[in-house]
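User: I am new to this structure and would like to go through it step by step. Please show it first, and then answer my questions in turn.

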Number of protein chains: 2
Amino acid sequence: MNVINASPRRKELTRLAAQLFVQEGFDRTTVRMLAQEMGIKSGSLFHHFRDKQEILAAVIEEGTQNALNIAHRALELAGDDPDSRLRAMARAHLETLFTDRNAHVVALFEWRRLDPSARAHLSHLRDAYEALWVEVIDEALEAGLIHGDRFLVSRFILGALNWTVRWYDPGGSRSPDDLADELVFMIMPKTP
Amino acid sequence: MNVINASPRRKELTRLAAQLFVQEGFDRTTVRMLAQEMGIKSGSLFHHFRDKQEILAAVIEEGTQNALNIAHRALELAGDDPDSRLRAMARAHLETLFTDRNAHVVALFEWRRLDPSARAHLSHLRDAYEALWVEVIDEALEAGLIHGDRFLVSRFILGALNWTVRWYDPGGSRSPDDLADELVFMIMPKTP
DNA sequence: GTCTATAGGTGGATAGAC
DNA sequence: GTCTATCCACCTATAGAC
């Protein structure tokens, strides 16, 4: 149920907003900057969105939904092997952060800027994505591939992945897939 | 050389600013909010700091220097064992984030809000702290306790630790030290 | 070192014409 | 669906008295 994003025009604007929110941060991005990037005047923006908050909510919904879709697809291709499923999730996560649109980055780093009502509306979407992670972590735990508390392991892995946004250069020598594999290798060195 | 923080009064104000910056974020924290928290009027703030940027720089310098000091002390107590040294670093890091003041959180999460000149002035301090991490990681790698690229492993571990700020509840059942141990356990399961 | 008062600017958002 | 024009709240920073 996509209540927030309706028209194709709105979706296009949402995509542009995501880019600016990543570059400047939500608070520093003004409606005038958004409008200019979209090729319209600031007043026109409010024909598509009630207020600036609603733009953020639209971006975050888009980003999380997209991450969920990509993760689901990746898991289908990964088959049943817990090792390859975990690796697939890590790769999918970095794909949404770097090679895909920027909306997921906004969802992760600007979540706190959502007002309470938007947060309530979107939290189940975020929870669904995290539940997918815990599921795959559980499989790896049961298979004895990794060790620790399911909850904590999920948080640590997601933290390590999310923080790459702060230092990883996509233009460098390593691909996002490389990164994902290195992380999996770090917590699961021997694959007997 | 602490050029930025001079008077004790200034240090006290810096501590209060750190708290607000963590709660609200730098951009959303107004000089009026800062002044009120400090029990003065907003105009008086500029007797202590040239502008809002300088407050941020003071907080970040304080936070990073503090993290460096605490890490050094922890390593002295940890002795020579690579395992306990790595654990000591992880515990020290979470200590600066949760049980110590909030300044290190600001240093990590608001670094991008520094203007270029302040960033240039503070980056060597941040680099010194990260170099300490890489050093300890190197020891653990050489001892065969962990595996992977020294650079990537450092980033992943720091990312996992930093992201705890977004989900960990210090009022809950687990202590920061618990968290640190669980992370070390995740990447180094067998501790003979 | 703190106050009052205020300058000077920019922010989000609205109204109504086209 | 976009424009122009504009309101006004709030923000950073300054000046000068105490």
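User: In which helix is A180(A) found?
Analyst: A word on conventions comes first: this is a predicted model in which local features need pLDDT of at least 70 and side-chain atom pairs count only at pLDDT 80 or more, while totals for chains, interfaces and linings use all residues. Residues are numbered from 1 along each chain as its sequence is written, chains are lettered from A and ligands numbered from 1 in the order in which they are written, and side-chain values use heavy atoms, with hydrogens and water left out. Helices (H or I, at least four residues) and strands (E, at least two) are DSSP runs, numbered from the N terminus. On that basis, A180(A) belongs to residues 176–187 of chain A, helix α9.

User: Is A180(A) buried or exposed?
Analyst: The classes rest on relative accessible area: under 20% is buried, over 50% is exposed and in between is partly exposed (1.4 Å probe, protein chains only). A180(A) has a relative accessible area of 0%, so A180(A) is buried.

User: How far is A180(A) from E95(A), C-alpha to C-alpha?
Analyst: Along the chain, A180(A) and E95(A) are 85 residues apart. In space, the separation of their C-alpha atoms is 9.6 Å.

User: With which side chain does the side chain of T96(B) make a polar contact?
Analyst: T96(B) is placed in helix α5 of chain B, and T96(B) is buried, at 2% relative accessible area. A polar contact is a pair of N or O atoms within 3.5 Å; within protein, one must be able to donate a hydrogen and the other to accept it, and residues adjacent in sequence count only if both atoms are side-chain atoms. A polar atom of the T96(B) side chain lies 2.6 Å from the backbone oxygen of H93(B). The side-chain partner, at 2.8 Å, is H104(B).

User: Which residues lie nearest the centre of the largest pocket?
Analyst: On a 1 Å grid over the protein atoms alone, a pocket is an open set of points where a 1.4 Å probe fits, with protein on both sides within 12 Å along at least five of seven lines, and lining residues have an atom within 4 Å of a point. Among the elements that each supply at least two lining residues are α5 (82–99) and α6 (103–109) of both chain A and chain B. The lining has 37 residues, and those nearest the centre are F109(A), E110(A), R166(A), F109(B) and R166(B).

User: How many residues of the lining of the largest pocket are charged?
Analyst: Ala, Val, Leu, Ile, Met, Phe, Trp, Tyr, Cys and Pro count as nonpolar, Asp, Glu, Lys and Arg as charged, and the others, Gly among them, as polar. The lining has 20 nonpolar and four polar residues, and its charged residues number 13.

User: Which element gives the largest share of the surface near DNA strand D?
Analyst: A residue is near a strand if one of its heavy atoms lies within 4 Å of it. Of the 15 residues around DNA strand D, those that come nearest include K41(A), S44(A) and H48(A). A phosphate oxygen of this strand is 2.5 Å from a polar backbone atom of K41(A), and another contact places a polar side-chain atom of H48(A) 2.7 Å from a phosphate oxygen. The largest share, four residues, comes from α3(A).

User: Which element gives the largest share of the surface near DNA strand C?
Analyst: DNA strand C is surrounded by 15 residues, with V31(A), K52(A), R9(B), K41(B) and H48(B) closest. Sugar and phosphate make up 60% of the strand's atoms within 4 Å of the protein. A phosphate oxygen of DNA strand C is 2.7 Å from an N or O atom in the side chain of H48(B). The largest share, four residues, comes from α3(B).

User: What does UniProt list for residues 30–49 of chain A?
Analyst: This span is 75% helix and 0% strand, and its end C-alpha atoms lie 14 Å apart. UniProt positions are given in the numbering used here, with feature names shortened, and annotations may be inferred rather than shown by experiment. The record, an unreviewed entry, lists the span as "DNA-binding region".

User: How far apart in space are G43(B) and L94(B)?
Analyst: G43(B) lies in helix α3 of chain B, and G43(B) is exposed, with a relative accessible area of 54%. G43(B) and L94(B) are 51 residues apart in sequence, and their C-alpha to C-alpha distance is 36 Å.
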